[in-house]
Amino acid sequence: MTHIDFVLVWEESQPRKQKEEHGKASTTTSHRKWREVFLSRLRDAGLLQELRESSQANRKLCYMLLSAPWNVLCYYAEELNMRVPLQVVTAPDYNWSEQILKKLSIPNLLAQDVPNPPPDYYTCQFRASKLERFLGGENKENFFKTTQRHQLLYEILARTPYGEVKRGEVGIDRLLSEKVFTAAYPLHEGPFQAPEGARMSPQSLGLRQILFQYWARWSGWYHYQPLDHVREYFGEKIALYFAWLGFYTGWLLPAALVGTLVFLFGFWLLSTDVPAREVCQSDIIMCPLCNICSYWNLSSICITYQVGLLFDHGGTVFFSVFMSLWSVSFLEFWKRRCSALTHRWGCSNFQEVEERPRPEFTAMAPMTTRNPVTGAEEPHFPEKQRLRRTLTGCMVIIMMVAMVLMFLISIILYRTILSVLIYKSKHNFFMASASRIASLSGSVLNLLVILMLSRIYTSLAQILTRWEMHRTQSKYEDMFILKVFVFQFVNFYSSPVYIAFFKGRFIGYPGNYYSLFGIRNEDCGAGGCLIELAQELLVIMVGKQIINNIQEFVCPKVKTWWQARRMRSTDEEEGVALSPWETDYRLLMCDGLFSEYLEMVLQFGFITIFVAACPLAPLFALLNNWLEIRLDAQKFVCEFRRPVVERAQSIGVWLQILEIISHLAVLSNAFVIGFTSSFVPRLYYSFTADSSLTGFINFTMASSPGNGSHQPICRYRGYRDTKGHFLPEYFHLLAIRLAFVIVFEHVVFFTGRLIDLMVPDVPEEVELKMKREYYLAKEALAENQTLGKTLIPGEEVNSSGLRFRRSRTPESLDSGDAEGPDRS
């Protein structure tokens, strides 16, 4: 067998073990029957088969090696409209940073010379009758790429029946779900590490070894990703994920730089800010922050107030506008990059063929109907019944969201009760830090609750989406993604939203405090709500990233080690080297890209929706993504079985979710700056009272109503008189805040719309390549085509590629008329 295109694996119990499992005999018999029928029909389809076995202590592993001959490959390649090369494209592919560095004549330290780069081709649909017109048509053995052979074999495996078609007994996916086969996978191309002690030139490395050496190793963290190699080995869908992740990480560089400069600008304000000096030198007596708390001096929060200036100053307004426009520009330029990559990889005109029903759908559908496209009988589920199930699923989502809000209220009560308990302890050190201890421990507890609810709901969403009985895999994935994202959005962002927009808003005033369940409503800490929001974001975002990275680094290695130990064969104990199919069977099954995309999309929300409160968020995201790229690369190259290649035109529904987040970010940042930060009050005071902000702290403080001589008059944040009524300044500020929000979002949305109009989704050079490819495909498939005639007669081409027309004299016109049509 020259090519091993696919491997099917099943396990059989040893005779001694079969007696112990006599109760499962009927299941084993039906599985054996299905397996024999399936393999027989694969032989009828023309596939070559070779059985290999490996013995273990209590079971026997059977490996069926599959290969497709040339005529089978041609038949299915034509049916699937597989694209094959026509002509090599000589134009190089540069990304945006390479172009900028080249124009500035700056050495590009990010570039690396990766050996054996896959060439770029103009392609067209395969036709066996036109084989001589395609590149490499004379070499049938290697005409189809390895990944194309995998696609064709998987197509055969997916459509081959093993029982009654009306009952959905079709395809390898159903057999895997029924445990008839334990695995089905294409082989990796050799080991990922080069042989020890061997001196090999880079050009002699295999593709998997090149990916490990130049992509998955930690030493390559600062280099460009070899995306063409990734696509050549894993296919377009996985390559597009890494292309998007690398593009996103590259765009985080300017965001992280500007955010760090804005954060450092706050240090300069520490020594020049007049309100900060007033706080540190103040003797103002502040009202208690809880019912049993004591009075406190405003100067006691000097350090906390100064730390808050690192996050709350005029520079954050600029950074919020910058990040809002950054998110719009990032998405627009990604569309351009995506269109260039998909054309380069032959997917620009890719349309999903008529999808087969999902295995679970075919197994559980209560009736059948005739497919109007193929004319075949297929399982059917009534749309009205699916709609009712979808609505029921929405009710479950609402219940889970209500559960998230209940946990949020519980954490709010936890912070309040913990503060009271700390004050009751009478310990001076803890009493001075009661608010900070309660806030920080509440943030950590909230992170643990978020991670716990995420695991529970993801499993629940899978059950709900399966129960809704969606026919195709793409529809199933879209509905599953939407369910999980809606819940995760509320789960991760509910606490920051509460701190940013609700905490400290409904507390009342001394003598008339509002309460929840008999407990006084939570007020912002001594340093204000914005610093608490920054703390919450850092704990949730950075904490989640650390936990995820540890899981991605440790869990696959532990699982791989345990699987290799569990599958240790007798041949291995005797020192016999493992075959490639045995080695790959011990690797982990690839679970897809859902969790990877979800992690990055939630991170995108953190660095855009609440970036006004934490300018350092893009920096932490950048550091995480440098790790994320290498961790994901190592998983795919070293620890996962090779996935079946999937074609794709884009990152799918995730792009629409990112666009929604970018629009929400504009509104969120406008409200955070307008209502949570001190930017608007400072601006109002500087124009109406004192431009140096002298007396600003006193301006923001109200005096408590007098309650007798035994209780001193204290101050609290607010714009009220001594009777608790709002002052005119409160309404002036409210109007200015609302006006700021409206102006902010209109300016940003208008500028973003201009960027959208100015940046076309498809670059001009890509459009030209698409037209050129269409022309070549038409020439190649035409019956009366004449290849090679691309110049207009009478043209001369200079070295730069420009063409000059020959001057036409009356004599040449006369001679031309003699050969041309009669114009008389």
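Cys 714, with a relative accessible area of 3%, is buried, where buried means under 20% relative accessible area, exposed over 50% and partly exposed in between, using a 1.4 Å probe and protein chains only. The structure is a predicted model, in which local features need a pLDDT of at least 70 and side-chain atom pairs count only at pLDDT 80 or more, while totals for chains, interfaces and linings use all residues. Residues are numbered from 1 along each chain as its sequence is written, and side-chain values use heavy atoms, with hydrogens and water left out.

**Exercise 1.** Find the partner of Cys 714 in a disulfide, and explain which parts of the chain the pair ties together.

*Solution.* Begin with the sulfur atoms: those of Cys 714 and Cys 287 lie 1.9 Å apart and form a disulfide, a term that requires a pair of cysteine sulfur atoms within 2.5 Å. Next, place the two residues: Cys 287 lies in the loop between β7 (285-286) and β8 (296-297), and Cys 714 in the loop between β15 (701-703) and β16 (715-717), so the pair ties together parts that are 427 residues apart in sequence. Helices (H or I, at least four residues) and strands (E, at least two) are DSSP runs, numbered from the N terminus. Then look at the torsion about the S-S bond, which is about 90°, so this disulfide is right-handed. Finally, check the partner's surroundings: Cys 287 is buried, with a relative accessible area of 4%.

**Exercise 2.** State how many disulfides the protein has, and describe the link of Cys 280.

*Solution.* The count comes to 2 disulfides. Cys 280 is joined to Cys 302, with their sulfur atoms 1.9 Å apart, and this link is right-handed, with 75° about the S-S bond. Cys 280 belongs to helix α10 (residues 274-280) and Cys 302 to helix α11 (residues 302-309), so the pair ties together parts that are 22 residues apart in sequence. As for exposure, Cys 280 is partly exposed at 27% relative accessible area, whereas Cys 302, at 16%, counts as buried.

**Exercise 3.** Work out the strand order of the open sheet that contains β1, and find what lies across β1.

*Solution.* The sheet is made of 4 strands in the order β2-β3-β1-β6, with antiparallel pairing; two strands pair if DSSP finds at least two bridges between them. At its edges stand β2 (48-55) and β6 (183-185), each of which pairs on one side only. Neighbouring strands are turned against each other by 20° on average, direction ignored. Now follow β1 (residues 6-13), which pairs with β6 in the antiparallel sense over 3 bridges, and note that Val 7 stands opposite Tyr 185 in β6. Helix α5 (residues 146-159) lies across β1 and β3 (59-67), running at about 50° to β1.

**Exercise 4.** Describe the confidence of the model and the make-up of the whole protein.

*Solution.* The mean pLDDT (the predictor's confidence in each residue, from 0 to 100) is 80, and 85% of the residues reach 70 or more. Over residues 17-23 the pLDDT is below 50, and this stretch has 3 contacts in the model beyond near neighbours in sequence, contact meaning heavy atoms within 4.5 Å. Residues 785-801 also have a pLDDT below 50, and here the model shows 22 contacts beyond near neighbours in sequence. Turning to the whole, there are 28 helices and 18 strands, and of the 824 residues, 49% count as buried.

Methods: Axes are lines fitted to C-alpha atoms, for helices over the stretch in contact, and angles run from 0 to 180 degrees between N-to-C directions.
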